[in-house]
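This report describes the fold of one protein chain from its atomic coordinates. Please read it alongside the sequence and the model shown below.

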Amino acid sequence: FGMHVVVTTAFTDLNSGAIMWIVHGAATAPTTKHTGMFIPVASLTLGAHFFIPVGSIPLLQYARGLMDVVTENATLGNMTIWFGPKEGGEA
């Protein structure tokens, strides 16, 4: 079980990359960082599919994805994020 991240629009002006975080909390606006993965900008291409497994620490009641850009803001880029089992073929 983990978080899937699929790039639906390639990112521009993002020179380094981003850290994708699973954040969780007891309230409906979770902000506590749980598990993260750095994704270099060269990998944030259209259709790229990443899987970030939930670690050994249980998730609190609410969880979501958080994109933390490294040193600069992207001017274009979109992704779809969901939680579910690993499907195979993800990076």
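Leaving aside neighbours within four places in sequence, Asn-15 is in contact with Val-41 and Glu-72, where contact means heavy atoms within 4.5 Å. Asn-15 is found in the loop between S1 and S2; strands (E, at least two residues) and helices (H or I, at least four) are DSSP runs, numbered from the N terminus. Asn-15 is exposed, with a relative accessible area of 62%. On this scale buried means under 20% relative accessible area, exposed means over 50%, and partly exposed lies in between, computed with a 1.4 Å probe on protein chains only. The C-alpha atoms of Asn-15 and Thr-80 are separated by 21 Å, with these positions 65 residues apart along the chain.

The model is predicted: local features need pLDDT of at least 70, side-chain atom pairs count only at pLDDT 80 or more, and totals for chains, interfaces and linings use all residues. Residues are numbered from 1 along each chain as its sequence is written, and side-chain values use heavy atoms, with hydrogens and water left out.

**Overall architecture**

The protein contains zero helices and six strands, and its pattern along the sequence is β-β-β-β-β-β. The radius of gyration is 13 Å, close to the 12 Å that the globule rule gives for 91 residues, so the protein is as compact as a globular protein of that length. The radius of gyration is taken over C-alpha atoms, and the globule rule is 2.2 Å times the number of residues to the power 0.38. Along its principal axes the C-alpha trace spans about 35 × 30 × 20 Å.

Of the 91 residues, 34% count as buried. The accessible surface comes to about 5000 Å², and 58% of this surface belongs to carbon and sulfur atoms; accessible areas come from the Shrake-Rupley method with a 1.4 Å probe, and for residues only the protein chains shown count as cover. Among the contacts with a separation of 6 or more, 76% are made by residues 24 or more positions apart.

**Two open sheets**

Two strands pair if DSSP finds at least two bridges between them. One open sheet of three strands has the order S3-S2-S5, with antiparallel pairing. Strand S3 (32–40) and strand S5 (62–69) stand at the edges, each with a single partner strand, so one side of each has no neighbour in the sheet. Neighbouring strands of this sheet are turned by 20° against each other on average, direction ignored. Axes here are lines fitted to C-alpha atoms, for helices over the stretch in contact, and angles run from 0 to 180 degrees between N-to-C directions. Within the pair of S2 and S3, Trp-21 has Gly-36 in S3 as its bridge partner.

Three strands form another open sheet in the order S4-S1-S6, also with antiparallel pairing. S4 and S6 stand at its edges with a single partner strand each, so one side of each is left without a neighbour in the sheet. On average, neighbouring strands of this sheet are turned by 20° against each other, direction ignored. Gly-2 stands opposite Pro-53 in S4. Towards S6, His-4 stands opposite Trp-82, and Val-6 has Thr-80 as its bridge partner.

The antiparallel pairs with their bridge counts are as follows.

| Strand | Partner | Bridges |
|---|---|---|
| S2 (residues 17–25) | S3 | eight bridges |
| S1 (residues 2–12) | S4 (residues 49–53) | five bridges |
| S1 | S6 (residues 76–84) | eight bridges |

**The nonpolar core**

A nonpolar core is a set of buried Ala, Val, Leu, Ile, Met, Phe, Trp, Tyr and Cys residues joined through side-chain atoms within 4.5 Å. The largest such core has 14 residues, and those with the most contacts inside it are Val-5, Met-20, Leu-44 and Phe-50. S1, S2 and S4 each supply at least two residues of this core. The largest share, four residues, comes from S1.

Which residues does Val-5 touch, not counting those up to four places away in sequence? They are Met-20, Ala-48, His-49, Phe-50, Ile-52, Met-79, Thr-80 and Ile-81. Val-5 is found in strand S1 and is buried, with a relative accessible area of 0%. Val-5 and Ile-81 are 76 residues apart in sequence, while their C-alpha atoms are 4.7 Å apart in space.
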